[in-house]
Amino acid sequence: MSRIEIIRGDITQSCVDAIVNAANCSLLGGGGVDGAIHRAAGPELLAECRTLHGCETGKAKITKAYRLPANYVIHTPGPVWHGGGHGEEELLASCYRSCLGLASENGCKSVDFPSISTGVYHFPLEKAAKIAIGSIAAYLNTHPEIERVRMVCFDARTEGFYLDALEKLA
Ligand code: AR6
């Protein structure tokens with residue numbers, strides 16, 4: 001699956017059609033990658049998010065990206081890990097599918113994702129990486145309009161799990 005890449009970096013620097021934000025259901029900002037995206041995009045992003053009236057876990061909503069180099073931000077609240085018996089895996093897969101669906105609808109050909117739910121939301125990294133790569137690969141198989149998807153990993157440990165998951169996909 002050569003249209004998927006794993007890189008290490010800061011997603012606020014990504015020059016792509018759309019970056020994904022690992023948000024919460026309020027869509028009104030927070031810590032982690034969400035905080036970094038809002039800081040870098042400027043207050044106009046929060047103003048647009050206020051008009052969206054939140055988002056359900058596993059779904060996604062799209063905004064402009066304001067001062068970021070990307071064109072759009074796709075906001076998705078990932079599941080909080082509660083042990084795995086609360087539909088967490090399906091909800092995480094749904095995040096990736098929903099974001100890519102919005103990317104297709106909005107003509108985005110390149111999409112960068114952070115590692116959704118594996119920070120503050122404590123989703124186990126190995127499981128999350130398998131679900132992310134599997135969901136992205138399945139989507140790309142039936143959607144040629146998306147040319148490139150990158151996982152932008154903030155640290156080496158995260159990057160390692162995503163590289164393993166991509167290798168095992170083959
Ligand atoms: N670029 C790429 N990845 C990043 C960046 C960045 N600039 N900053 C952090 N990460 P988290 P979650 C990584 O906690 O688990 C927020 O408060 C981070 O190292 O940001 O989905 C929201 O408002 C980790 O690998 O998101 C929600 O309340 C990954 O991004 C809640 O956190 C996700 O970590 C969402 O929690």
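These exercises work through a predicted model, from its sheet to its helices and single residues.

Residues are numbered from 1 along each chain as its sequence is written; side-chain values use heavy atoms, with hydrogens and water left out. Because the model is predicted, local features need pLDDT of at least 70 and side-chain atom pairs count only at pLDDT 80 or more, while totals for chains, interfaces and linings use all residues.

**Exercise 1. The sheet**

Task: State the order of the strands in the open sheet and find the edge strands.

Solution.
- Step 1. Strands (E, at least two residues) and helices (H or I, at least four) are DSSP runs, numbered from the N terminus. Two strands pair if DSSP finds at least two bridges between them.
- Step 2. The open sheet has six strands in the order S1-S6-S5-S2-S4-S3, and its pairing is mixed.
- Step 3. Strand S1 (4–8) and strand S3 (61–64) each pair on one side only, and these are the edge strands.
- Step 4. From one strand to the next, the twist averages 25°. Angles run from 0 to 180 degrees between N-to-C directions, and axes are lines fitted to C-alpha atoms, for helices over the stretch in contact.

**Exercise 2. Parallel pairs**

Task: Follow the pairing from S1 through S6 and S5 to S2, naming a bridge partner in each pair.

Solution.
- Step 1. S1 and S6 are parallel and share five bridges; Ile 6 has Met 151 in S6 as its bridge partner.
- Step 2. S5 and S6 are also paired in the parallel sense, over four bridges, and Asp 112 stands opposite Arg 150 in S6.
- Step 3. S2 and strand S5 (residues 110–113) run parallel and are joined by two bridges. Here Asp 112 in S5 is the bridge partner of Ile 19.
- Step 4. Asp 112 therefore appears in two steps, opposite Arg 150 and as partner of Ile 19.

**Exercise 3. Helix against helix**

Task: Describe how H3 and H4 pack, and which residues meet.

Solution.
- Step 1. Two packed helices are described by the angle between their axes and the distance between the axes.
- Step 2. For helix H3 (residues 88–105) and helix H4 (residues 125–142), the angle is about 35° and the axes are 9 Å apart.
- Step 3. Their crossing is right-handed, a term used if the near helix is turned clockwise from the far one by less than a right angle.
- Step 4. Contact means heavy atoms within 4.5 Å. The H3 residues that meet H4 include Leu 92, Tyr 96 and Leu 100, and the H4 residues on the other side include Ile 131, Ile 136 and Tyr 139.
- Step 5. By class, this contact of H3 with H4 has nine nonpolar, three polar and three charged residues. Ala, Val, Leu, Ile, Met, Phe, Trp, Tyr, Cys and Pro count as nonpolar, Asp, Glu, Lys and Arg as charged, and the others, Gly among them, as polar.

**Exercise 4. Buried residues**

Task: For Asn 21, Ala 70 and Glu 159, give the location, the accessibility and some contacts.

Solution.
- Step 1. Buried means under 20% relative accessible area, exposed over 50%, and partly exposed in between (1.4 Å probe, protein chains only).
- Step 2. Asn 21 lies in strand S2 (residues 18–23) and counts as buried because its relative accessibility is 0%. Its side chain makes a polar contact of 3.3 Å with that of His 75. A polar contact is a pair of N or O atoms within 3.5 Å; within protein, one must be able to donate a hydrogen and the other to accept it, and residues adjacent in sequence count only if both atoms are side-chain atoms.
- Step 3. Ala 70 is in the loop between S3 and S4. Ala 70 is buried because its relative accessible area is 6%, and residues in contact with Ala 70 include Val 16 and Ile 19.
- Step 4. Glu 159 belongs to helix H5 (residues 156–169). At 19%, Glu 159 is buried; among the residues touched by Glu 159 are Ile 6 and Cys 153.

**Exercise 5. Loop residues**

Task: Which phi values do His 53 and His 122 have, and are these residues buried or exposed?

Solution.
- Step 1. His 53, in the loop between H2 and S3, has a positive phi near 55°.
- Step 2. His 122, in the loop between S5 and H4, has a positive phi near 60°.
- Step 3. His 53 is exposed because its relative accessibility is 72%, and His 122 is exposed because its relative accessible area is 58%.

Definitions and conventions:
Lists of a residue's contacts leave out its neighbours within four places in sequence.
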